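Me: I am new to this structure and would like a close look at one part, the place where two helices pack against each other. Please also say how the chains meet.

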Amino acid sequence: MAEMNVPESGGKKKHAKKRSKKMSTRVDLTAMVDLGFLLITFFMLTTTFNKPQAMEVNMPEKDDVKDEDRTKIKESEALSIVLVENDVVYFYVGLENPMVDSTNFSKEGIRKIILGRQQEVEKASGNKDNLTVLIKAKNKAKYKNMVDILDEMAITGVKRYAILDFVKADSMIIYNTVGKAAGQK
Amino acid sequence: MTAMCDVAFLLLTFFMLTTKFKPDEAIKVEIPASVAETKLPDKDILMLQVDKEGRVFYGIDNQGVRQTLFNKIKERHPEIAFQPQNERAFMLMDAFGVPLEELPNLLNDPKNYPQKGLSLDTTKNELGELLLFGRQSNPAVRIAIKADGNADYDKVKEVMNILQKRNINKFNLITSTRQKPKP
């Protein structure tokens, strides 16, 4: 960069003059490239690629449904899941003297239960899609739990599930079993 | 050198064109993750946000739509004393979370006015009304619920119930992405 054209002496003078007139077309790009990469880094770090995803929910119509219009499901093809506080989830089958058990949202928790139930239903009726999951959430449950459980439905491929209100009957079922278990201990 | 420069500027152009700056959000909402793969569309969104404390915020995209919405509110509620400059402030506001009667106060001081959330009071039913206005202002609008993972389900249920009362049975829950586990 810091070169000087020293004119050569002697008879070659004419020739050297001609050569020095040949201007170099190369421009020093270092600064520009530096700037370019700086901006790239900036935009790379500020860009967010992951757009939020949307989980579509279709709720049934809320209008008064006559009792005879309600879908009846067989007890043998049902699974009730109750979401409560502190990321605990209770599950049971049927209504009369159900065995209520609790688990969590981990991979080994509720997912295993759902998959196991799917197999049972498949054995009993030949099609695992006959399983209907009834999801009930207590008011104290976190929204995250609801999303998690809807997610489990997508992961395990449960075709039919319903979100229901948590009513007193449900709390009785849980209280009866869980309360008894606590009493035995 | 030239090649490197070319690459650098190509990347630069790419990032510049794809970047969309995150708009200022009225409230902080940490969304839960799910394996859902549907992308949320960029426009025509009516977003109901629920934050950790259970405050509900209402937001609709597109300033033109917001202007129509503002005029609808004004028309329907002549008792609320809006000031002329409020319209502009409303157009610029992404989301708001105050009962309608406090709206002028919020619009006069959008930065500092404390927002305590929309009133979900069933007697007044302001959210239901706002949903109706929102859909009238932009018939193509989609309803999305963006709730904090740690919000009580209770509040979200209340919002969903109001939606269902308005015969909106199809809506989106906004989540972030999580890898789908292998079966």
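Reply: What follows describes one pair of helices and then the contact between the chains. This is a predicted model, in which local features need pLDDT of at least 70 and side-chain atom pairs count only at pLDDT 80 or more, while totals for chains, interfaces and linings use all residues. Residues are numbered from 1 along each chain as its sequence is written, chains are lettered from A in the order in which they are written, and side-chain values use heavy atoms, without hydrogens and water.

In chain B, the axes of helix 5 (residues 126–137) and helix 6 (residues 153–165) come within 10 Å and cross at roughly 55°; helices here are DSSP runs (H or I) of at least four residues, and axes are lines fitted to C-alpha atoms over the stretch in contact, with angles running from 0 to 180 degrees between N-to-C directions. Helix 5 of chain B and helix 6 of chain B are therefore oblique to each other, a word for angles that are neither under 35 degrees, nor over 145, nor from 65 to 115. Where they meet, B:L127, B:G128 and B:L131 of helix 5 touch B:V159, B:I162 and B:L163 of helix 6, contact meaning heavy atoms within 4.5 Å.

Turning to the chains, 43 residues from chain A and 51 residues from chain B take part in the contact. One salt bridge is counted between chain A and chain B, a side-chain nitrogen of Lys or Arg lying within 4 Å of a carboxyl oxygen of Asp or Glu. The side chains of A:K142 and B:D152 form a salt bridge at 2.9 Å, N to O.

Terms used. Helices (H or I, at least four residues) and strands (E, at least two) are DSSP runs, numbered from the N terminus.
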